[in-house]
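This report covers a helix and its packing, the surroundings of a ligand, the cysteines and two buried side chains. Please read it alongside the sequence and the model.

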Amino acid sequence: MPELISYELVQDDALCVAVLTVNNPPVNALSHGIRVGLVNTISRFSEDAQADIAVLVGAGRTFVAGADIKEFGEPLQAPDLEEVNAALDGLQKPIVCVLHGTALGGGLELALSCHYRVALATSRVGLPEVHLGLIPGAGGTQRLPRLTGIAAAADIISSGRQVPAAEALELGIIDEIAVGSNPEVAGIAFAKTLVTEGRSLRRTCDQTDKIERDHENSDLFRELIETARRNAKGQQSPVTSVESVIAAASLPFEQGLIQERRIFDALVETDQSKALIHAFFAEREVGKIPELATGKARDLNEAAIIGGGTMGSGIAMALLTAGFKVRMLERDQDGAERGKTNVHSLLDGALKRGKINAEQHTNLSNIAFSVTTDVSNLSDADIIIEAAFEDMDIKKTLFRQLDAHAKPDAILASNTSFLDIDEIASVTSRPENVLGLHFFSPAHIMKLLEIVVGKQTSPDVVATGFALAKRLKKVGVRAGVCDGFIGNRILDNYLNLVTNLVEDGTSPYDIDAAVTSLGFPMGPHQMLDLAGLDIVYANRRRKLAAGWVGRYSADYLDRITQQERLGQKTGRGVYIYADGDRSGQPDKEVISILADIQAKKDIAPRSLRAEGIRKRFMAAMINEGARILEEGIALRPLDIDMTMIFGFGFPRWRGGPMKYADLMGLDAVLADIRRFEEEDPDFWSPAKLLVDLAERGQNFDSLNKPSQTK
Ligand code: 3H9
């Protein structure tokens, strides 16, 4: 095992360079041991009479990617990172830091405390603490503006974005982009140049030119805070990060550090930070599923899509830009032409936005993509994804044909959003090769991919589904078979809640306002208008035909849909959309439709306030999530959280419904549900798992067991 921080003297002509290397794979996080090691080796270099200059590098694929996030929430063990940085500031001999990979958070703060910074051309730097609900806590908000000025530092820190090396050079964050790919060699070469040119030690904390320029620019400060507030959409730390950056222009360095640390310490304790840290780890954990222990992903090169509508074209687009050859099957020539036009217009859009260049556009449109009306032309495909109409008979017919024509080891996937994958698989002679791949619209943009595992789906096929998600840069979530899987089942449940509340007297517009005030990008009725009221109408018809269970309260949506008011696409749905306006205005006619229904059904309208709506909306999600866990449809609570964050606009800074429940306390959630049960026992009854956990004093997180596979 290499030492956590190794110290080696390299003699280069007359120059003796001390090379300090951080060894903490995979990302050199600044755990307690690393901080101790850094303080010791910095001190060793300081006292080493032989060493003229030091170079600090990271071993492996990256320089330091930040503080060790796993340590947050635990009591801090000295030294903290600012003590390490202070030791660097205190050096009387120069130290050069070499950045490669991603120098992030505490990693960049460490680099900012060195006297010079060199970066390999492919490296990126950033202070992404806001993505964890924090601000930089080891001098980042005080040192970065000293190099870049207040405005650029506020932008970088409040967005948490990664800055490419070339931009970092332009902004003054680094001094040079090194040639070559070896950090140590680059560092020694730069050290030699420094000494040759007689450049002396230069501390970031002493640089004041760029912040003095903005010293009393209150207009700029106001504008920066306003921009951060607008972009943060309810999240706290991007705004406080800007306040901390601004303090760099008015406070002496030491006091700025104290203020930064005060803000950091307060943020670590917030629910927002706990939720975001949960989301960070859950996003990495969600792909670790039992099937990966035995399953081996198959090679996929050629793909086929059945159906050239919005969904099929979006999936084709996602596959094309990930390097697949894609053939699209449509029923007839007209359908094929439509599908081709749809995909070509997505490719045109990508070209216009600079996502692909002209050469890629030509290749993808004319070589990689083709259409056919003959199912036997799909026999070369390694994977076939069906995105046809949501009807079991149609799907069964298609899968019978696929079974006859697809090559023996081809994966046959359905993009169904509700239907039974086992029933679809049952018409084939190879149910082990069948699974659900449920994309979310628009499929080339939305990050979620539900990977629906049937009773007979083989581990290899599941592993291939997860490898595909990764290749498409999507978050794959494993789901079992049930009506709606994880996401649409929860959606269906809260839509039932919402229609009940509306029918009982709460305005649909008040419901949307309450839901967006939680941090969702849109309310349920805005979402229905966007998706098209006809889509959900068809789903309700399907369920009515199969025997609707419980109260039916969507008559107002039926009436609106039957008037051909289908949402944004027809300029009118639950809202009215003026030409080109996508935000929509409330519609008096909807209110009169509701009054009419209430009169006919003899309902005395009762309107809920925003807080009442918010509580019921969240409780419905949590309760259905608990049932989904009980039934084993989701492996862990974190799978539900990732589904709702990446597919349904659940605010990441609230962590997903199950984390939200944990933060609220399961006792409190249960008490709410029991209260709601008294007023509406048809809709509400607490899930057994929720009751059991609350009685045992446990939370959902206790079920997020460490993964069985890595
Ligand atoms: C901070 O620095 C605060 C300071 O201002 C002040 C303190 C006082 N800690 O993502 P990957 C794990 S806050 C612990 O799959 P990639 C990760 O969980 C921090 N663990 O690789 C995974 O584990 P596993 C600011 C970490 O190549 C493994 O490493 N920094 C940390 O796709 C591989 O990660 C950040 O927020 C960490 N800091 O992406 C950066 N980072 O294999 C957070 C990673 O068991 N990290 N792990 O699942 C990232 O953004 C990405 O990991 C990175 C690499 C871009 C670095």
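## Helix α27 and its surroundings

The buried residues of α27 pack against four helices: α12, α25 (610-630), α26 (637-648) and α28 (666-679). Helices here are DSSP runs of H or I with at least four residues, strands are runs of E with at least two, and both are numbered from the N terminus. Buried means under 20% relative accessible area, exposed over 50%, and partly exposed in between, with a 1.4 Å probe and protein chains only. Contact means heavy atoms within 4.5 Å.

This is a predicted model, in which local features need pLDDT of at least 70 and side-chain atom pairs count only at pLDDT 80 or more, while totals for chains, interfaces and linings use all residues. Residues are numbered from 1 along each chain as its sequence is written, and side-chain values use heavy atoms, with hydrogens and water left out.

Helix α27 spans residues 657-664, and six of its eight residues are buried, so the rest of the structure largely encloses it. The buried residues are Pro 657, Met 658, Lys 659, Tyr 660, Ala 661 and Asp 662. Just after the helix, Gly 665 has a positive phi of about 100°.

## The ligand

The ligand is surrounded by 29 residues, a residue being near if one of its heavy atoms lies within 4 Å. The closest are Arg 61, Glu 109, Glu 129, Arg 284 and Lys 288. By class, the shell holds 15 nonpolar, five polar and nine charged residues. In this scheme Ala, Val, Leu, Ile, Met, Phe, Trp, Tyr, Cys and Pro count as nonpolar, Asp, Glu, Lys and Arg as charged, and the others, Gly among them, as polar.

At least two shell residues come from each of β5 (102-104), α3 (106-113), α11 (253-268) and α12 (271-285). Helix α12 gives the largest share, three residues.

The table lists pairs of N or O atoms between protein and ligand; such a pair within 3.5 Å is a polar contact, and within protein one atom must be able to donate a hydrogen and the other to accept it, with residues adjacent in sequence counting only if both atoms are side-chain atoms.

| Residue | Protein atom | Distance to a ligand oxygen atom |
|---|---|---|
| Gly 106 | backbone N or O | 2.7 Å |
| Glu 109 | side-chain N or O | 2.6 Å |
| Gly 137 | backbone N or O | 3.0 Å |

Taken alone, the ligand exposes 1,000 Å², of which the protein buries 78%. Accessible areas come from the Shrake-Rupley method with a 1.4 Å probe, and for residues only the protein chains shown count as cover.

## Cysteines

The structure holds zero disulfides, a disulfide being a pair of cysteine sulfur atoms within 2.5 Å. The closest cysteine sulfur to that of Cys 97 belongs to Cys 114, and at 4.5 Å it is too far for a bond. Cys 97 is buried, at 0% relative accessibility. For Cys 205, the nearest cysteine sulfur is also that of Cys 114, 12 Å away. Cys 205 is buried as well, at 13%.

## Two buried side chains

Lys 543 lies in helix α22 (residues 533-547) and is buried, at 18% relative accessibility. Beyond neighbours within four places in sequence, Lys 543 contacts Phe 418, Asp 483, Asp 492 and Trp 548.

Tyr 556, in helix α23 (residues 555-562), is buried at 1%. With the same neighbours left aside, its contacts include Val 498, Thr 499, His 525 and Ile 597. The side chains of Tyr 556 and His 525 make a polar contact at 2.9 Å.
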